[in-house]
Amino acid sequence: VAVMAHAINQVCAAIPDAWTTRFAAEELTPDQTQTPQHWYLQPYLLRGAGTIAYAEPEAGKSYWLYVLAQTLRYGVEAHGPWSVSSPCRVLVINLERSEESVKRRVWGVNRALGLPLGSPMSVLTARGQPLTAIASSLLHRARKDRPDVVFLDSLSRSGMGPLIEDQTAMSTVDLLNRVCDTWFALGHMPRGDKSHLFGSVHFDAGADLMVEVKRQATDDGFGQLLKVVKANDAVRPKFP
């Protein structure tokens, strides 16, 4: 008993020092090789960067998120300007839709991408719960599975407070950065104003890439116009 008590005392005595020194400055050596940046899917998902895509309701944002997630997981070579480096681990956080709805949508996405219709998607579904309520479970899952990219549907379910508040935006971005170095989150446009993301400017500041999604009518339904409006540490693609 005495030995055990002594060991416990030693651990307790070491905790304050370990806690206060968990962040420390270090000498960083510049990257002189100028290795090209690693894109998971160019120009929307850069390794080590956070992306926010925003649009008005019913613009197909969630479908696009599922397309990106399945494209990355299975290394699908998409048409057009998309370039997929290689398959990677993906986790989708679904706070918006029922499990049945997601299953139906994934079936359609698999069909469109030419994947086997039963190809699964890794999804953490917590409809009716804010992001704050599942934070501990999410961090545990991320430490266990170590996803390369995490997708969030959507920022409006953060549960941090009013989206127009700066602290809400900063806390939400901080949590996503803790969960995964590379993340993709959906947001919405303000009612009556389609020029920017709804919420605090610190959502824009916290994201490395911002993508504006616009719905365009076509002869057989509708299409999407995707425009990168912000790009940190990356060249913003030019559009005709």
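**Exercise 1.** In which loop is Glu58 found?

*Solution.* This is a predicted model, in which local features need pLDDT of at least 70, side-chain atom pairs count only at pLDDT 80 or more, and totals for chains, interfaces and linings use all residues. Residues are numbered from 1 along each chain as its sequence is written, and side-chain values use heavy atoms, with hydrogens and water left out. Helices (H or I, at least four residues) and strands (E, at least two) are DSSP runs numbered from the N terminus. In these terms, Glu58 belongs to the loop between strand E3 (50-55) and helix H2 (61-74).

**Exercise 2.** Determine the sign of phi for Glu58 and for Arg146, and state whether each residue is buried or exposed.

*Solution.* Most residues other than glycine have a negative phi. Glu58, although not a glycine, has a positive phi of about 65°. Arg146 likewise has a positive phi, near 50°, and is located in the loop between helix H4 (135-145) and E7. Next, apply the classes: buried is under 20% relative accessible area, exposed is over 50%, and partly exposed is in between (1.4 Å probe, protein chains only). Glu58, at 70%, is exposed; Arg146, at 59%, is exposed.

**Exercise 3.** Which residues does a cis peptide bond join, and where do Pro43 and Ser154 lie?

*Solution.* Most peptide bonds are trans. A cis bond, with omega about 10°, links Gln42 to Pro43; Pro43 is in the loop between strand E1 (39-42) and strand E2 (45-46). Another cis bond, with omega about 10°, links Asp153 to Ser154. Ser154 lies in the loop between strand E7 (149-153) and helix H5 (166-179).
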